[in-house]
Amino acid sequence: MAILKFSASAVAAQIAHARACKTFLPNWNGPVDRPALILIVGNGVHLRSNGIDGTTTRIVTTEQADPSFAFADGMNPFRDTDWMAQRRMAFRDLTGQFYTDILEDVQLLIDRGRGAIRLATDGHSIRVFVRRASDYLIGGTYEVPSGLGGTFRVILKDACDTFAIVQNCGNCEDFDAMQPYRVPLDALMETDDQRVA
């Protein structure tokens, strides 16, 4: 999972453009009849309007980018020298364009005065990520997906805005003996008891 951070003002400009248009770029299922944001992973990583207004004749591609699009922090080919490495860390070799359904959620955050918009993506799904590391209780107990189809109960050791360091606690002895490990921040799930006994 990757957390992508965008300037709220740049995203707001793309939303305003989309809402000002009467026709829209089609998605894989055919024609689209409403404003949306498209995430492009290619020459940088950016959000752009799906609107067609005659000011550009370009169809969205992964090869071309425009400096006016809303680029993810660290993934702007017009400004960041290591944008390709950053893109590869977030998406591996995956490139393409992804229609999203996040426009209204993002607009709500912009209206609330957020200076940055953060999206969580696993390469196939894109969602607005609202929580920050400071929203979690260090030393609190949470659950995280186990990779085996269930969950592990963990103690939160440390967190930044993209990942958390956790230690298994309250599972079976073998799992609890594991060293602390890193999980995506949005993998932490609330439990009823947030404090360790």
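Helices (H or I, at least four residues) and strands (E, at least two) are DSSP runs, numbered from the N terminus, and two strands pair if DSSP finds at least two bridges between them. With that in hand, meet a hairpin: strands E3 and E4 form one, with one residue between them.

A word on the source: this is a predicted model, in which local features need pLDDT of at least 70, side-chain atom pairs count only at pLDDT 80 or more, and totals for chains, interfaces and linings use all residues. Residues are numbered from 1 along each chain as its sequence is written, and side-chain values use heavy atoms, leaving out hydrogens and water.

Now to the sheet. Four strands make up an open sheet with antiparallel pairing, in the order E6-E4-E3-E7. E6 and E7 (96–99) stand at the edges with a single partner strand each, so one side of each has no neighbour in the sheet.

Here is how E4 meets its two antiparallel partners:

| Strand joined to E4 | Bridges |
|---|---|
| E3 (residues 37–42) | Six bridges |
| E6 (residues 70–71) | Two bridges |

Some facing residues can be named. Valine 41 stands opposite valine 45 in E4, and leucine 37 has serine 49 of E4 as its bridge partner. Towards E6, histidine 46 stands opposite phenylalanine 71.

How enclosed is strand E4? Six of its six residues (44–49) are buried (under 20% relative accessible area, 1.4 Å probe, protein chains only), so the strand is largely enclosed by the rest of the structure. Both faces are covered, with Gly44, His46 and Arg48 on one side and Val45, Leu47 and Ser49 on the other.

Key: Buried means under 20% relative accessible area, exposed over 50%, partly exposed in between (1.4 Å probe, protein chains only).
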